[in-house]
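Thanks for sharing this one. I have put together some comments on the ligand site and on the empty spaces inside the protein, in the hope that they help you find your way around.

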Amino acid sequence: MNLTTSTDGQILGKVQCPGDKSISQRALMIGAFMNQNMIIDGFLHGQDPLSTMNALNQIGAGISIDGDGRVHLCKRNQSFHNCENALNFGNSGTGLRLMLGLTSGMGLKASFCGDESLSSRPMDRIINPLTEMGANIESTNGKLPISISPTKFKKQYKYELPVASAQVKSSILLAGLAAGTSIEIIEPIQTRDHTEKMLKHFGANIETSSQDGKNVIKLASSNYLHAKNYNVVGDISSAAFLIVAALIGNSPGLEIMNVGMNPSRTGVLQALQKMGANIEVKNNRLESGEHCADLFVKKSELKGVELSGKIIPNIIDEIPIISIAAAFANGETVIKDARELRVKESDRLRAVSEGFSSLGIMHRNFEDGMSIQGAPNQLLIDPSISIDSYDDHRIAMSFLIAGLKCSKPIIVKDCENIFTSFPNFIELISSIGYELKK
Ligand code: S3P
């Protein structure tokens, strides 16, 4: 599915932020593991969480969705079972990596597969620590297809993360939870802590402390979890596309309601505010152990900034859309320490660079980032420029937003994967004044 932008967009209105993808996936896994009655509200009905739900159902979770989109987890008489058919995680790195931890910890026999993008992504970062814990994992040179078979796990396990990755951290925690292994994880740079927060919310014995500037996360070997209904807050990574649309798209005002404000995810607001963005945060509150708020955003004059070091894991999913904001800011933006972008759903540094080249946006590439020479004026472009999304939802949405500043409509190719994280993107963006045509 290719999408074509329009040239007369003016962003205005009030929208509900779609549910958080990371939290929706964790609520399914931890909810199913607890095996008690529980309802999840605000769930993201995107392809990624749905792949995880299907995989959990294949091993006997019995999760269902009612007509209002509420997710129901019911107490089962039977425990999880092995599965003959491969569990297919589609495009979802979080689903695959966290479920590898959970299912190996549960001692299941299962195999795992995914789409072309997921099949090319590194899995040794999960396989290595899980194998050290005792898991029996066979992979294809550290990639999919992967299979697991039952073994005995160690009683305790300590691991210092070599890459700043919430998926690796969470996979180890879920394996420990399921196997009854006590876990100590040392995290040199903070990554999103939804797993820790959710486990704590349901009563797990988990604590995070700070030692020599590093996070130390300890999960006890036995945990008594108590299910309660869960409200998923909105996804700040999805809100980021709307925020930048309002900032660059001549907006008199856009309200985005119910945006997740977990401090390990709000770096995008700090980065944009440092660039001069007019973003007001109102009605701070707590939902199921996670902070959330409503955002009010207005068109702003932006300036270039440097983004590097500890903020990078916090903004890892927002760097493509921050790069679009930077392209329409005054002066230079420099992004460094973001090598991880090369192993996301696509090589996002390359994908952004190629899109910029097609639009004539001046930039220089580094192995771990790029510098962008921004200018606030409209881009005068030739008709029918098309941009390759590399089948990556965040690249597709980023360049669709860039279309707001183009003198002619642009075509963004292969946008299907938008449905993995933001299933109502086209309708929602049109409801605030920006038409995208199929
Ligand atoms: C996620 C962690 C991040 C992020 C991904 C979601 C999670 O990946 O990019 O979109 O839900 O834990 P890494 O752990 O690979 O950094």
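The numbered points below start at the ligand and then turn to the cavities.

1. A friendly reminder before anything else: this is a predicted model. Please read the distances and volumes below as values computed from that model.

2. Where does the ligand sit? The space taken by the ligand is the largest pocket. With the ligand in place, the protein covers 95% of the 380 Å² of accessible area that the ligand has on its own.

3. The shell around the ligand is made up of S22, R26, T94, R97, A164, S165, A166, Q167, R192, I316, D317 and K344. Sorted by class, 5 of these residues are charged, 4 are polar and 3 are nonpolar. Three helices, α1 (21-34), α3 (93-105) and α6 (166-179), each give at least two residues to this shell.

4. If you would like to look at individual contacts, oxygen atoms of the ligand are a good place to begin. S165 has a polar side-chain atom 2.6 Å from a ligand oxygen, and T94 places a polar side-chain atom 3.2 Å from a ligand oxygen. At A166 the backbone takes part: one of its polar backbone atoms is 3.1 Å from an oxygen atom of the ligand.

5. Now to the enclosed spaces. How many cavities of 30 Å³ or more does the structure hold? There are 2 of them. The largest has a volume of about 50 Å³, and the second largest has about 40 Å³.

6. Which residues line the largest cavity? They are I319, P320, S323, I335, L341, R348, L349, V352 and M370. The elements that contribute two or more residues to this lining are α11 (319-327) and α12 (348-359). By class, the lining has 7 nonpolar residues, with 1 polar and 1 charged.

7. The second largest cavity has its own list of lining residues: D20, I23, H194, V233, G234, I236, G260, M261, N262, R265, E290 and H291. Here the classes come out as 5 polar, 4 nonpolar and 3 charged.

8. To pull the site together for your own viewing session, you could display the ligand with S165, T94 and A166, among the residues around it. For the cavities, the lining of the largest one includes I319 and M370, while D20 and H291 are among the residues lining the second largest.

Terms used: Residues numbered from 1 in each chain as written. Predicted model: local features only at pLDDT ≥ 70, side-chain atom pairs only at ≥ 80, totals over all residues. Heavy atoms only, no water. 1 Å grid on protein atoms, 1.4 Å probe; cavity = no way out; pocket = protein on both sides within 12 Å on 5 of 7 lines; lining within 4 Å. Points joined across faces, edges and corners; volume = space filled by probe spheres on them. Helix = DSSP H or I, 4+ residues; strand = E, 2+ residues; numbered from the N terminus. Nonpolar A, V, L, I, M, F, W, Y, C, P; charged D, E, K, R; others polar. Near = heavy atom within 4 Å. Polar contact = N/O pair within 3.5 Å; in protein donor to acceptor, adjacent residues only side chain to side chain. Areas by Shrake-Rupley, 256 points an atom, 1.4 Å probe, with all protein chains shown as cover. Sits in = over half its atoms within 2 Å of the grid points.
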